[in-house]
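Let's take a quick tour of a sheet, and then stop at one residue inside it. Have the sequence and the model open side by side.

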Amino acid sequence: FEDSGRYIETPDNFWTIKPQARDVSFRITVRGTPESFTDSAALGPKPDRTGYSTFKVERHSQVEALVKLLGQVRRK
């Protein structure tokens, strides 16, 4: 984990995760724009910094959608 409390997948920074203590969720950032992911409505990805999307995982029922979305993330 970085000093910010965020885990960054290395060396290919294609996704990050940061626990959100206040609402007991996880903030996920992935490489790719929201429209580049199929079947991602359960997560509701939103644009983040250029070329990346962000969303929160708040319920166990979203984990399957998260795994599917991570499989679609473009790697270097």
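What follows looks at how the strands pair, and then at a single serine. Bear in mind that this is a predicted model.

**The sheet**

Start with the overall layout: 5 strands form an open sheet in the order 1-2-3-5-4, and the pairing is antiparallel. Its edges are strand 1 (7–8) and strand 4 (46–47), each of which pairs on one side only.

Here are two of the pairings:

| Pair | Bridges | Residues in the hairpin | Facing residues |
|---|---|---|---|
| Strand 1 and strand 2 (residues 15–20), antiparallel | 2 bridges | 6 residues | Tyr 7 and Ile 17 |
| Strand 2 and strand 3 (residues 25–31), antiparallel | 6 bridges | 4 residues | Pro 19 and Phe 26 |

There's a backbone detail to look for in the hairpin of strand 2 and strand 3: Val 24 has a positive phi near 55 degrees.

**Ser 53**

Now move along to strand 5, which covers residues 52–57 and includes Ser 53. Is Ser 53 buried or exposed? Ser 53 counts as buried because its relative accessibility is 0%, and the cut-off for buried is under 20%.

What does the side chain of Ser 53 reach? Its partner is the backbone oxygen of Gly 32, at 2.5 Å.

Leaving aside residues up to four places away in sequence, Ser 53 also touches quite a list of others. Among them are Ile 28, Thr 29 and Val 30, along with Thr 33, Pro 34 and Phe 37. Pro 45, Lys 46 and Asp 48 are on that list too, as is Gly 32.

Notes
Residues numbered from 1 in each chain as written. Predicted model: local features only at pLDDT ≥ 70, side-chain atom pairs only at ≥ 80, totals over all residues. Heavy atoms only, no water. Buried < 20%, exposed > 50% of the residue type's maximum accessible area, 1.4 Å probe, protein only. Polar contact = N/O pair within 3.5 Å; in protein donor to acceptor, adjacent residues only side chain to side chain. Contact = heavy atoms within 4.5 Å. Pairing = 2+ DSSP bridges.
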